[in-house]
Amino acid sequence: MKIFIYILMGLAVVNLIFNATKLDFNSPMQGDSQIAVISILATLCVFILLAILQVSLKIKEKHEKR
């Protein structure tokens, strides 16, 4: 499970970088750039959720050791 979370986090970073290349800073809310902004925000949410999952699994592991 730990490796799977790291793989998903890596894919999220790759997706973030890809969408950042599609972003037009002059007009970020028009056309393909709008889709890129939405995708960047969704990717950041996924990354945060995976980080929370990783922390909760570490807490669970420490709790089971007691």
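**A two-helix protein, residue by residue**

Let's start with one residue: Leu49 is exposed, with a relative accessible area of 57%. Exposed, in this talk, is a word for values over 50%. So 57% puts Leu49 in that class. Leu49 sits in helix α2, which covers residues 32–65. Please keep in mind that this is a predicted model.

Now step back to the whole protein. How many helices and strands are there in the protein? Two helices, and zero strands. The chain has 66 residues, and 18% of them are buried.

Next, the overall dimensions. Put the C-alpha atoms in a box along the principal axes, and that box is roughly 55 × 15 × 10 Å. The radius of gyration is 16 Å, whereas a compact globule of 66 residues would have one near 11 Å.

What about the surface? About 5,400 Å² of the protein is exposed. Carbon and sulfur atoms supply 70% of that area.

Then the contacts. Take the contacts between residues at least 6 apart in sequence: 57% of them join residues at least 24 apart.

Let me show you one residue with contacts of that kind. Look at Gln54, in helix α2. Is Gln54 buried or exposed? Gln54 is buried, because its relative accessibility is 15% and the cut-off for buried is under 20%. Which residues does Gln54 contact, leaving aside its neighbours within four places in sequence? Three are found: Ile5, Tyr6 and Met9.

Met9 comes up again with another leucine. Leu41 is in helix α2. Its relative accessible area is 52%, so Leu41 counts as exposed. Leu41 and Met9 are 32 residues apart along the chain, and their C-alpha atoms are separated by 14 Å.

Back to Leu49 for a moment. Pair Leu49 with Val14, 35 residues away along the chain. The C-alpha atoms of these two are separated by 16 Å.

Now pair Leu49 with His63. His63 also belongs to helix α2. His63 is exposed, at 59% relative accessible area. Along the chain, His63 and Leu49 are 14 residues apart. Between their C-alpha atoms there are 21 Å.

On to the charges. The protein has 7 positive and 4 negative charges. How far apart are the mean positions of these two groups? They are 15 Å apart.

Side chains of opposite charge can pair when their charged atoms come close. How many salt bridges does a search of the whole structure find? One. The partners are Lys65 and Glu61, whose side chains meet at 4.0 Å, N to O.

Where are these two? Both lie in helix α2, four residues apart, and that spacing is about one turn of the helix. Lys65 is exposed, with a relative accessible area of 66%. Glu61 is at 45%, so Glu61 is called partly exposed. Partly exposed covers the range between the 20% and 50% cut-offs.

Quick recap of helix α2. Leu49 is exposed there. Gln54 is buried, and Gln54 contacts residues including Tyr6. Lys65 and Glu61 form the salt bridge. Take Gln54 as your starting point when you turn the structure, and find Ile5 as one of its contacts. Then move on to Lys65 and Glu61 in the same helix.

That's it from me. Thanks for listening.

How values were computed:
Residues are numbered from 1 along each chain as its sequence is written. This is a predicted model: local features need pLDDT of at least 70, side-chain atom pairs count only at pLDDT 80 or more; totals for chains, interfaces and linings use all residues. Side-chain values use heavy atoms; hydrogens and water are left out. The radius of gyration is taken over C-alpha atoms; the globule rule is 2.2 Å times the number of residues to the power 0.38. Buried means under 20% relative accessible area, exposed over 50%, partly exposed in between (1.4 Å probe, protein chains only). Contact means heavy atoms within 4.5 Å. Accessible areas come from the Shrake-Rupley method with a 1.4 Å probe; for residues, only the protein chains shown count as cover. Lys and Arg count as positive and Asp and Glu as negative; His and the chain ends are not counted. The place of a charge is taken as NZ of Lys, CZ of Arg, CG of Asp or CD of Glu.
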